[in-house]
Amino acid sequence: MDSRAWLEVAKPLTDRIALATGLARSTIVAAMILLIGLIAAAILGRLARRLVARSARWLGSLQPGAMSVPHFDRVEKAVGGAVYWLVVVCSVMAATETLGLPVVTAWLSGVATFLPRVAVAIVIVALGTVAARVTRHVVTSTASGANVSSAERLGRVTELALLLGTVLVAIEQLGI
């Protein structure tokens with residue numbers, strides 16, 4: 001939405017606040033955008049964390065007792081934090097555009113175009129970690145069933161190889 005459109009939507013309210021405070025309407029609209037953005041960021045961050053938590057529980061339910069997904073709370077916090085900060089940056093960008101600060105808006109636009117890459121890289125690492133652990137369990141179970149003497153080691157090597165590939169894909173996604 002264009003900054004002029006925001007001003008028109010909020011005109012009746014901002015006129016009253018401007019009379020009461022003596023501030024410019026664009027400043028009041030920018031403050032409202034920031035407030036709404038912070039509320040939306042908190043809500044969407046929590047929703048993202050819940051989605052990751054439910055995904056972890058679902059993955060754990062595929063083979064109950066056979067595999068756990070440790071340290072998934074860190075992934076949950078990282079995804080929630082990434083969503084939170086992406087929404088905050090977008091709301092700050094909209095507020096600075098409303099205030100008419102093109103330099104700040106341009107810089108934040110660059111940050112906002114990079115944040116989705118970071119979010120995708122985090123998702124790649126999270127899914128790769130889960131896939132590596134599932135594969136390790138499958139390889140270890142299969143090798144143990146075939147009476148391979150170093151079944152646990154073979155499972156760990158498989159997990160490590162998948163984690164390495166996951167990290168390389170995530171680094172490429174970041175453009176490094």
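Is Arg-49 buried, exposed or partly exposed? Select Arg-49 first and turn on its surface: Arg-49 is partly exposed, with a relative accessible area of 32%. Please keep in mind throughout this tour that the model is a predicted one.

**First stop: Arg-49 and Glu-76**

With Arg-49 still selected, add Glu-76 to the view, since the two residues form a salt bridge whose closest N and O atoms are 3.7 Å apart. This pair links distant parts of the chain, with Arg-49 in helix 3 (residues 25-62) and Glu-76 in helix 4 (residues 72-99), 27 residues apart. The two partners differ in how they are classed, because Arg-49 at 32% relative accessible area is partly exposed, whereas Glu-76 at 18% is buried, the cut-off for buried being under 20%. The bridge belongs to a set of five salt bridges that the structure holds.

**Second stop: Thr-96**

Stay on helix 4 and move along to Thr-96, which lies in that helix. Is Thr-96 buried or exposed? With a relative accessibility of 8%, Thr-96 counts as buried. Show the backbone of Met-93 as well, and you will find its oxygen 2.9 Å from a polar atom of the Thr-96 side chain. Then display the residues that Thr-96 touches, leaving aside those up to four places away in sequence: they are Leu-101, Val-104, Thr-105 and Leu-108.

**Third stop: Arg-136 and its partners**

Next select Arg-136 together with Glu-152, whose side chains meet in a salt bridge with an N to O distance of 2.9 Å. Glu-152 lies in helix 6 (residues 151-174) and Arg-136 in helix 5 (residues 102-145), so this pair ties together parts that are 16 residues apart in sequence. Both ends of the bridge can be coloured by accessibility: Glu-152 is partly exposed at 36%, and Arg-136 counts as partly exposed at 26%.

Now keep Arg-136 in place and bring in Glu-159, because the side chains of Glu-159 and Arg-136 also meet in a salt bridge, at 3.1 Å from N to O, and this pair, with Glu-159 in helix 6 and Arg-136 in helix 5, ties together parts that are 23 residues apart in sequence. Glu-159 itself is buried, with a relative accessible area of 10%. Which residues do salt bridges with shared partners join into one network here? To see the answer, select Arg-133, Arg-136, Glu-152, Arg-156 and Glu-159 together, as these residues make up that network.

**Fourth stop: Val-138**

From Arg-136, go along helix 5 to Val-138, which has its place in that helix and is partly exposed, with a relative accessible area of 42%. Draw a distance from its C-alpha atom to that of Gly-155, and the viewer should give a separation of 7.8 Å for two residues that are 17 residues apart along the chain.

**Last stop: Asn-147**

Finish in the loop between helix 5 and helix 6, where Asn-147 has its place. What is the phi of Asn-147? If you display the backbone torsions there, the phi angle is near 60 degrees, which is a positive value in a residue other than glycine. Switch the surface back on for a final look, and Asn-147 counts as exposed, with a relative accessibility of 70%.

How values were computed: Residues are numbered from 1 along each chain as its sequence is written. This is a predicted model: local features need pLDDT of at least 70, side-chain atom pairs count only at pLDDT 80 or more; totals for chains, interfaces and linings use all residues. Side-chain values use heavy atoms; hydrogens and water are left out. A salt bridge is a side-chain nitrogen of Lys or Arg within 4 Å of a carboxyl oxygen of Asp or Glu. Helices (H or I, at least four residues) and strands (E, at least two) are DSSP runs, numbered from the N terminus. Buried means under 20% relative accessible area, exposed over 50%, partly exposed in between (1.4 Å probe, protein chains only). A polar contact is a pair of N or O atoms within 3.5 Å; within protein, one must be able to donate a hydrogen and the other to accept it, and residues adjacent in sequence count only if both atoms are side-chain atoms. Contact means heavy atoms within 4.5 Å.
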